Amino acid sequence: MHLYVHVPFCKQACHYCDFHFSTNLSRKSAMVDALCAEIIRQKNYLPGPELETIYFGGGTPSLLTEPELIQLFNTIRSHFTVASSAEITLEANPDDLTLKKLTMLRRYVNRLSIGIQTFDEATLRWMNRAHTATEAQTCVRLAREAGFDNLSVDLIYGIPNRPKSLWTADLQQVLSLDVAHLSTYALTIEPDTAFGRWEKTGKLPPADEELAADQFEELTKAITRAGYEHYEISNFARTGQYARHNTAYWQGRPYLGIGPSAHSYNGHSRQYNISNNTRYIAEVGRGALPATVEELTTADQVNEYLLTGLRTQWGCSVTKLDTLLGADFARVQARDLTALYASGWLMRDQDRLRLTESGKLFADRVAATLFVD
Ligand code: SF4
C-alpha cells in the first residue's frame with residue numbers, strides 16, 4: 001500500500017509551475033491538523049494496512065518543521081503499519097537544506113527528492129526558483145553528511161533562449177553528484193502560470209519540442225553511458241534504486257492521497273481532493289470528504305494502465321490487460337499492434353508489450369493508438 005501526503009505551500013511561485021500550492025504560509029499549522037484528520041478519516045480506504053511507501057510531495061514539504069513532521073508521523077503510525085523496509089520520501093528544495101535541517105529530516109525520512117532543476121544561476125532567477133546555484137551544488141553533499149544515501153534530483157530540460165552548452169553543463173554537474181536517482185522533465189508552458197502569461201503576450205516563445213527532443217536524446221545517452229538504468233521515460237536509477245512510490249503509480253497499484261489536490265486510487269475508483277487550502281481545511285474540519293469520486297470503467301482502467309505502464313522498462317503485461325479488459329487484448333487490438341510492431345516503436349517480449357528505443361519518443365502516441373472504447 002502507498003500513501004501520498006501533499007504539502008501545499010511554497011516560499012514563492014516558480015514561473016513554470018501549475019501544481020497546487022499557496023505562498024501564504026500562515027495556515028500551515030491548520031493544514032497539518034487537517035492532513036492528520038484526513039489520514040484518520042481515510043484509514044480504511046486502502047485494501048490493506050501495511051504501507052510500503054510514504055511520499056511527502058508538494059508544494060515544498062521541506063518547509064515542514066520537526067513538530068509538524070512528528071504530528072504527521074504519529075498519526076500515520078497510529079492508523080497504518082509502516083513496513084520496516086518502507087521507502088519514505090520527502091521532496092525538498094535546496095534553499096531549505098542546511099545541515100541542521102537535513103539532520104532533523106533524516107530522523108523521519110530515508111529518501112530525499114531534491115528539486116534542483118538547473119545549476120545555472122541566471123536560469124534559476126529567470127524561473128523564479130528560491131535557491132541559488134551554490135545551494136544546488138552543495139545540498140547533495142550536505143544531505144550525505146546528514147546520513148541520506150538514497151537521493152533523487154530533478155532537472156528541467158528544453159529551456160528556451162539559452163545556449164545549448166548550459167544543458168550539457170547541467171548534465172555534467174548532475175553526473176558528478178553520483179546520486180541514486182534522477183528525474184527529468186521537459187519544460188512545459190502551462191496557461192495559468194507566469195510563463196503562460198508571458199507566452200500569451202509574446203514575451204516567451206512557445207515550448208520548443210525540437211529543442212526538448214534533442215536535449216532528451218543527449219540526456220539519455222549521457223546518463224545511460226554513466227551506468228544509470230532508464231527505467232521510466234523521465235526517470236533514471238542506479239541499479240535497482242527505482243523510486244518505489246512512483247513505480248507503484250505506474251504499475252497501477254492502489255494508493256491513498258492526502259491533502260488538497262491529492263488523488264487516490266483503490267483499484268476501481270479514483271478520488272480527487274479539492275485544490276483549495278481554505279476549503280480543504282474547512283471541509284475536513286466539519287468531517288466531510290473533500291473529494292470527487294470517479295468510478296473507473298473497464299476502458300478507463302485499460303487505458304490508464306497502457307498510458308503509465310508503457311512508459312516503464314517493464315512495459316505492460318498482456319495477461320493484466322486481458323484481465324482488465326475481460327477479453328483477449330492482443331486479438332481485440334490485433335490491427336493496431338501489427339502496425340506498431342511494423343513502425344518499430346513497440347515490441348512484444350513474451351507476456352510484455354514494451355516500447356523500443358525509438359518508441360520512447362512517442363510513448364503517449366503509442367498508448368493512445370492502443371486505447372480501447
Ligand atoms: S517549489 Fe516546486 S511546487 Fe513550489 S512553485 Fe516551485 S516547482 Fe512549484
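This passage walks through the ligand site, the salt bridges, a helix pair and a few unusual backbone spots. The model is a predicted one, and the residue numbers count from 1 along the chain.

Start with the ligand. Its surroundings are made up of Cys10, Gln12, Cys14, Tyr16, Cys17, Phe21, Gly59, Thr60, Asn93 and Arg129. Sorted by class, that shell holds five nonpolar residues, four polar ones and one charged one. Arg129 is the charged member, because Arg is counted as charged along with Asp, Glu and Lys. Two of the shell residues turn up again elsewhere in the model. One is Gly59, which sits in the loop between β2 (50–58) and α2 (66–79). The peptide bond leading into Gly59 from Gly58 is cis, with omega near 20°. The other is Cys17, whose C-alpha atom is separated by 9.0 Å from that of Thr188, although the two positions lie 171 residues apart along the chain. Thr188 itself belongs to the loop between β6 (181–186) and α7 (194–200). With a relative accessibility of 42%, Thr188 is partly exposed.

Next come the salt bridges, of which the model has 16. In one of them, the side chains of Lys11 and Asp96 come together at 2.7 Å, N to O. This pair brings together distant parts of the chain, 85 residues apart: Lys11 is in the loop between β1 (2–7) and α1 (28–41), and Asp96 is in the loop between β3 (81–92) and α3 (99–106). What about solvent: are Lys11 and Asp96 buried or exposed? Lys11 is partly exposed, at 41% relative accessibility. Asp96 is buried, because its relative accessible area of 10% falls under the 20% cut-off. The pair also has company, as salt bridges with shared partners join Lys11, Asp95 and Asp96 into one network.

A second salt bridge joins the side chains of Arg311 and Glu232, again listed at 2.7 Å, N to O. Arg311 is in the loop between α11 (298–309) and β13 (316–317) while Glu232 is in strand β7 (residues 229–232), so this bridge ties together parts that are 79 residues apart in sequence. Arg311 has a relative accessibility of 23% and is therefore partly exposed. Glu232, at 3%, is buried. A further bridge runs between the side chains of Asp349 and Arg354, at 2.3 Å, N to O. Here Asp349 is partly exposed, with 32% relative accessibility.

Strand β13 also contains Ser317. This serine is buried, because a relative accessible area of 7% is under the 20% limit. Leaving aside residues up to four places away in sequence, Ser317 touches Tyr305, Asp351 and Arg352.

On to helix packing. Two packed helices are described by the angle between their axes and the distance between the axes. For helix α14 (residues 334–343) and helix α15 (residues 363–370), the axes come within 9 Å and cross at roughly 155°. That angle makes α14 roughly antiparallel to α15, because angles over 145 degrees are put in that class. Which residues make the contact between α14 and α15? From α14 they are Asp336, Leu337 and Leu340, and from α15 they are Val366, Thr369 and Leu370. By class, this contact has four nonpolar residues, one polar and one charged. Asp336 is the charged one and Thr369 the polar one, because Asp is classed as charged, while Leu and Val are nonpolar and Thr falls among the others.

Finally, the backbone. Most residues other than glycine have a negative phi, and most peptide bonds are trans. The cis bond from Gly58 to Gly59 is one departure from that pattern. Asn161 is another, with a positive phi of about 60° even though it is not a glycine. Asn161 is found in the loop between β5 (151–157) and α6 (165–177). Its relative accessible area is 64%, so Asn161 is exposed. Ser261 likewise has a positive phi, near 75°, and is not a glycine. Ser261 lies in the loop between β9 (255–258) and β10 (263–265). At 22% relative accessibility, Ser261 counts as partly exposed, because buried residues have to come in under 20%.

Technical notes. This is a predicted model: local features need pLDDT of at least 70, side-chain atom pairs count only at pLDDT 80 or more; totals for chains, interfaces and linings use all residues. Side-chain values use heavy atoms; hydrogens and water are left out. A residue is near a molecule or strand if one of its heavy atoms lies within 4 Å of it. A salt bridge is a side-chain nitrogen of Lys or Arg within 4 Å of a carboxyl oxygen of Asp or Glu. Helices (H or I, at least four residues) and strands (E, at least two) are DSSP runs, numbered from the N terminus. Buried means under 20% relative accessible area, exposed over 50%, partly exposed in between (1.4 Å probe, protein chains only). Axes are lines fitted to C-alpha atoms, for helices over the stretch in contact, and angles run from 0 to 180 degrees between N-to-C directions. Angles under 35 degrees count as roughly parallel, over 145 as roughly antiparallel, 65 to 115 as roughly perpendicular and the rest as oblique. Contact means heavy atoms within 4.5 Å.
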